Amino acid sequence: MYAALRMRRRLRRDEAEITVVEPQPYMTYQPFLAEAASGAIDPRHVVVPLRRALRGCTVVTGEVTGLDHAARLARAATPATRSTGAPDLEIPYDLLVLAPGAVSRTLPVPGLAEHGIGFTTVGEAVGLRNHVLEQLDIASSTRDPAIREAALTFVFVGGGYAGVEALAELEDMARHATRYYHNVTPDDLRWVLVEAAGRILPEVDPALGRYTLSELRGRNVEVRLSTRLESFADRIVVLSDGSRFAARTLVWTAGVRPAPVLAGTGLPRDARGRVRCDTFLRIAGTGGAWAAGDCAAVPDLTRPGETCAPNAQHAVRQARTLGDNVVAHLRGEPQAEYRHAHTGAAASLGLHKGVAQLLGRRVTGRPAWLLHRAYHLGRMPTLDRKARVLADWLLAGLSGREVVSLGSLEHPRAEFEAAMGRAPAAPPRHSGPPEPPEPPARPGG
């Protein structure tokens with residue numbers, strides 16, 4: 001989206017046609033997912049409608065299924081072709097920009113596919129929020145101590161930005177929500193963060209990582225470093241340190257991998273599956289093609305021998321350079337290398353809490369939280385979305401976080417099917433959660 005915006009603004013009318021193919025008709029601003037999950041921001045406000053933002057461009061809602069760059073032809077499955085069984089849409093092109101991003105990097109852990117929850121899309125963020133609040137309802141309405149304990153145990157795997165921010169924001173929200181339950185207290189909640197490395201937040205200064213570790217543990221979050229998830233079969237968490245306990249919530253934030261569509265393009269890729277690029281963001285050994293973002297292995301000129309990390313800062317900056325280089329290519333002008341200056345990093349740890357690194361200085365607590373919000377509000381695309389996010393923050397500050405679970409939205413036809421005398425695919429959650437099956441007994445207890 002950023003690359004298309006850059007080209008649209010710089011190109012003269014009729015100089016080129018820009019077509020954007022994307023499975024979703026919006027762009028998700030990933031740094032705000034945690035706040036969308038916690039209710040601090042309306043989920044609709046962390047996405048940018050492509051057709052509204054990219055006026056003057058052709059937006060095709062669909063997923064690229066094949067790419068023949070030699071023939072300059074892309075094939076895409078659209079809602080129309082899938083619903084009618086028609087052949088994939090063929091889209092001819094002259095120049096190619098690849099920026100499909102990344103998906104969750106999963107491992108063959110027993111039970112993960114059946115019971116794990118991802119955290120890369122706005123749908124997953126909303127679903128996770130509803131799920132956490134539903135667990136409070138289950139714990140409040142059951143008399144079985146084993147079911148209650150499992151419902152109030154929340155496990156996050158992965159100690160990077162996504163995992164730490166998601167856990168911190170949801171822990172903050174759940175602790176706030178317990179004031180509305182007569183028999184659930186903050187001390188009843190159990191939060192566990194599992195990280196295979198020896199530290200969390202590897203993207204920031206080690207001192208800030210240690211501060212974050214201390215902050216989380218001070219909130220009774222169990223942080224298990226140098227520990228791996230070995231199994232989640234039957235919703236029993238088994239860790240490499242020998243721990244074993246029941247949990248109804250496991251959030252997987254253990255890294256990402258390049259989008260699978262790259263495997264069928266025939267373009268050169270590195271060992272991690274990313275498209276190999278040069279410093280001009282051109283796909284190596286390929287004419288008329290550029291790539292940026294999490295899917296691209298771009299040499300980092302500030303760290304010789306390394307490639308740019310897959311994060312939002314690089315993606316946005318690369319997109320601008322890429323857009324300029326495509327325009328330069330069309331006009332026969334010299335292209336520019338992608339070079340960045342690292343100004344810092346910031347992470348939210350819940351309401352009024354955070355860590356930040358700005359121009360070599362460490363900032364913690366409320367100032368860091370304000371820096372995090374100010375930085376990302378400034379980077380949020382379009383003035384309309386900035387205003388909506390700011391309004392959400394102001395309203396949340398005046399009235400507090402929302403603690404309503406709208407899990408029934410995930411099964412909108414359930415009520416109608418029940419009225420028609422058919423067994424609904426899933427019971428309407430707002431009428432009260434079903435009593436879940438009792439988890440297997442824990443060893444020694």
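This passage describes a parallel sheet, the helices across it and the cysteines of a predicted model.

The sheet is open and is built from four strands. Their order is β12-β11-β10-β16. The pairing is parallel. Strands β12 (221-224) and β16 (249-252) stand at the edges. Each has a single partner strand, so one side of each is left without a neighbour in the sheet. Neighbouring strands are turned by 15° against each other on average, with direction ignored.

Strand β10 spans residues 153-157 and runs parallel to β16. Four bridges join these two strands. Within this part of the sheet, V155 stands opposite L250 in β16.

Two helices lie across strands of the sheet. Helix α8 covers residues 161-177 and lies across β10, β11 (190-194) and β12. Its direction is at about 175° to β11. Helix α9 covers residues 206-218. This helix lies across β11 and β12, running at about 140° to β12.

The structure holds zero disulfides. A disulfide requires two cysteine sulfur atoms within 2.5 Å. The sulfur of C57 has its closest cysteine sulfur in C295, at 19 Å, which is too far for a bond. For C295, the closest cysteine sulfur belongs to C277. That separation is 7.1 Å, again too far for a bond. C57 counts as buried because its relative accessibility is 13%, and buried means under 20%. C295 has 0% relative accessibility and therefore also counts as buried.

Definitions and conventions
Residues numbered from 1 in each chain as written. Predicted model: local features only at pLDDT ≥ 70, side-chain atom pairs only at ≥ 80, totals over all residues. Heavy atoms only, no water. Pairing = 2+ DSSP bridges. Axes fitted to C-alpha atoms, helices over the stretch in contact; angles between N-to-C directions. Contact = heavy atoms within 4.5 Å. Buried < 20%, exposed > 50% of the residue type's maximum accessible area, 1.4 Å probe, protein only.
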